[in-house]
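Me: I would like a close look at one part of this model. Please start there, keep it brisk, and then work outward to the rest.

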Amino acid sequence: MVESQKPTPDVIAAVATAPGRGGIGVVRLSGPDLSPYARALSGRVPASRHATCVPFLDASGAEIDEGLLLYFPAPHSYTGEDVLELQGHGGPVVMQLLLQRCLELGARPAQPGEFTHRAFLNDKLDLAQAEAVADLIEASTAAAARSAVRSLAGEFSATVHSLVDKLIELRMLVEATLDFPEEEIDFLKQSKAFERLQMLQVALAAVQGRARQGSLLRQGLHVVLAGLPNVGKSSLLNRLAGQERAIVTAVAGTTRDVLREAIQIQGIPLHIIDTAGLRESEDEVERIGVARTWQEIERADVVLQLVDARRGLTEADHDIAARLPAGVERLLVYNKADLAEQTIGKNEVGGVVSVYLSAKTGAGIDCLREELLRVAGWQTGAGDVFMARERHLLALSRAAEHLSAAALQQSSLELFAEELRLAQEALSEITGEFTADNLLGEIFARFCIGK
């Protein structure tokens, strides 16, 4: 007989596996005291942290499905609360029936990221680790996944905490000096406080470098292929993608719309965007394509301006270069270098780097890949990067600015101490010690439901 004991309120439930059909599907619950749910769903309370094969029952006691029931009593669970997992057959109908049964028992549908949000609130994860959960799920390359795992394991957080601890030590020395101004002993000089500040700045700069690399791993690089019609943009896209993704003909203006392809170079995700050739046209469709090309250029991280090596830089090419946004990296690519009998590879004149290649034969493509990583700021062999987000980079930047301001306030200890305090708060935002509630809501709302 199925027990009908009323469960405890504020239990959340969600399908934790991806939509669609699969061999296995998981419904997850979290909340205080889930033993009534376990009895109602299976007729028993399973042993803690053991997989138990049970029938999953509806309100009348009829079997919905048969699968594994796992029970993780608080606090030894992902969320720090009681957690139940129902692992059944992965059909969408079965999953919805199981979820509906959980809701009938008093659970409510989980919001996006609510399981991880509860883990954060219950001190199972700090904020940087919680974000690493989403980064691991969304990782598009093996390198990004490995970096996210390191952050999830707490490596990034531990490094930030180490900086904060050093800041606290320095603040204590400054506060001691402020508390005893009548003493003749200069606490700061004796303890080499200003030398400690310099060491902190160096350590923070190293963390910033690793975080910038991790941000590149996470977000990837948006690369736009731009240039006059028929210079080989689509051929280059196909060569970089390793397959025929774009139509290539000798007819100028073949590409009318934006075409995107995701690739990776040394584990760095690149989003290659092929665009319509930039020229004046009476064709309405082509004009729309050109307008979209300029829109993509405005959003690009790098613009590869393709030029026909047989003609060299024409007046029209110079006009395109003049219109490129000032803040966007630009790499000049001379395509069809084999037909122009030009030397394949990198050419640098006056600090301006050009790459000569043949998209048709593939000659010079490896050189282009290396240059793309260079302009992106990627350091080859960087294996210990942190999977960082934009807010992490901003927090690190603010901390660095406050430390620089502190270095200029050595004669005014009150201001010196205040800049150190602000630097500590900026760093603590990364792990969540100082974080506004509205920011938490924004962060966890981007998670998938069920995580």
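**From one hairpin outward**

Reply: Start with the hairpin formed by E1 and E2, which has six residues between its strands. In the turn, glycine 20 takes a positive phi of about 110 degrees. Keep in mind that this is a predicted model.

The two strands of this hairpin run antiparallel and are joined by four bridges. One pairing to find on screen is alanine 13, whose bridge partner in E2 is leucine 29. Strands of a sheet pair through backbone hydrogen bonds, either parallel or antiparallel.

Now turn to the other partner of E2. Strand E2 covers residues 22–31, and it pairs with strand E5, residues 82–90, in the antiparallel sense. Eight bridges make up that pairing. Two of the partners are easy to locate. Glycine 22 has glycine 90 as its bridge partner in E5. Glycine 31 has aspartate 82 as its bridge partner in E5.

How buried is E2? Seven of its 10 residues are buried, so this strand is largely enclosed by the rest of the structure.

Step back to the whole sheet. It is open and has six strands, in the order E3-E4-E5-E2-E1-E6, with mixed pairing. The edges are E3 (52–57) and E6 (108–109), each of which pairs on one side only. In a regular strand the side chains alternate between the two faces of the sheet.

Two helices lie across these strands. Helix H1 (residues 35–42) lies across E2, E3, E4 (63–72) and E5. H1 runs at about 75 degrees to E3. Helix H2 (residues 92–104) lies across E1 (12–15), E2, E3, E4, E5 and E6. The angle between H2 and E2 is about 15 degrees.

Move on along the chain to helix H8, residues 193–219. Why check its length? At 1.5 Å a residue, its 27 residues should span 39 Å, and the end C-alpha atoms are 38 Å apart, which agrees. Glycine 220 follows H8, with a positive phi near 80 degrees.

Next comes a second group of strands. Strand E7 (residues 221–227) runs parallel to E9, and five bridges join them. In that pairing, histidine 222 has histidine 271 as its bridge partner in E9. Strand E8 (residues 259–265) runs antiparallel to E9, with seven bridges between them. Here alanine 262 stands opposite histidine 271. So follow histidine 271 on screen: it is the partner of histidine 222 in E7, and it also stands opposite alanine 262.

E8 and E9 form a hairpin with two residues between the strands. In this hairpin, glutamine 266 takes a positive phi near 50 degrees. Strand E9 (residues 268–274) is mostly covered, with six of its seven residues buried.

Another strand to look at is E10, residues 302–308, which holds valine 302. Valine 302 is buried, with a relative accessible area of 1%. Leaving out residues up to four places away in sequence, valine 302 touches Leu221, His222, Val223, Val224, Val328, Glu329, Leu372 and Val375. One of these is glutamate 329, 27 residues away in sequence. Its C-alpha is 4.6 Å from that of valine 302.

Leucine 304 has contacts of its own. Beyond its neighbours within four places in sequence, they include Val223, Val224, Leu225, Ala226, Leu236 and Leu368.

That leads to the nonpolar cores. In soluble globular proteins, nonpolar side chains tend to be buried together. The largest core here has 48 residues, and Leu236, Leu270, Leu304 and Leu368 touch the most other members. Helix H12 (residues 365–376) gives this core its largest share, six residues. A second, separate core has 31 residues, among them Leu163, Leu167, Ala211 and Ala400.

Now the chain as a whole. Its secondary structure comes to 15 helices and 13 strands. Of its 451 residues, 49% count as buried. Among contacts with a separation of 6 or more, 65% join residues 24 or more positions apart.

Last, the confidence. The mean pLDDT is 82, and 85% of the residues reach 70 or more. Residues 1–8 stay under 50, and the model gives them 16 contacts beyond four places in sequence. Residues 246–256 are also below 50, with 29 contacts beyond near neighbours in sequence.

Terms used
Residues numbered from 1 in each chain as written. Heavy atoms only, no water. pLDDT = per-residue confidence, 0-100. Contact = heavy atoms within 4.5 Å. Expected span 1.5 Å × (residues − 1). Pairing = 2+ DSSP bridges. Axes fitted to C-alpha atoms, helices over the stretch in contact; angles between N-to-C directions. Buried < 20%, exposed > 50% of the residue type's maximum accessible area, 1.4 Å probe, protein only. Core = buried A, V, L, I, M, F, W, Y, C linked by side-chain atoms within 4.5 Å.
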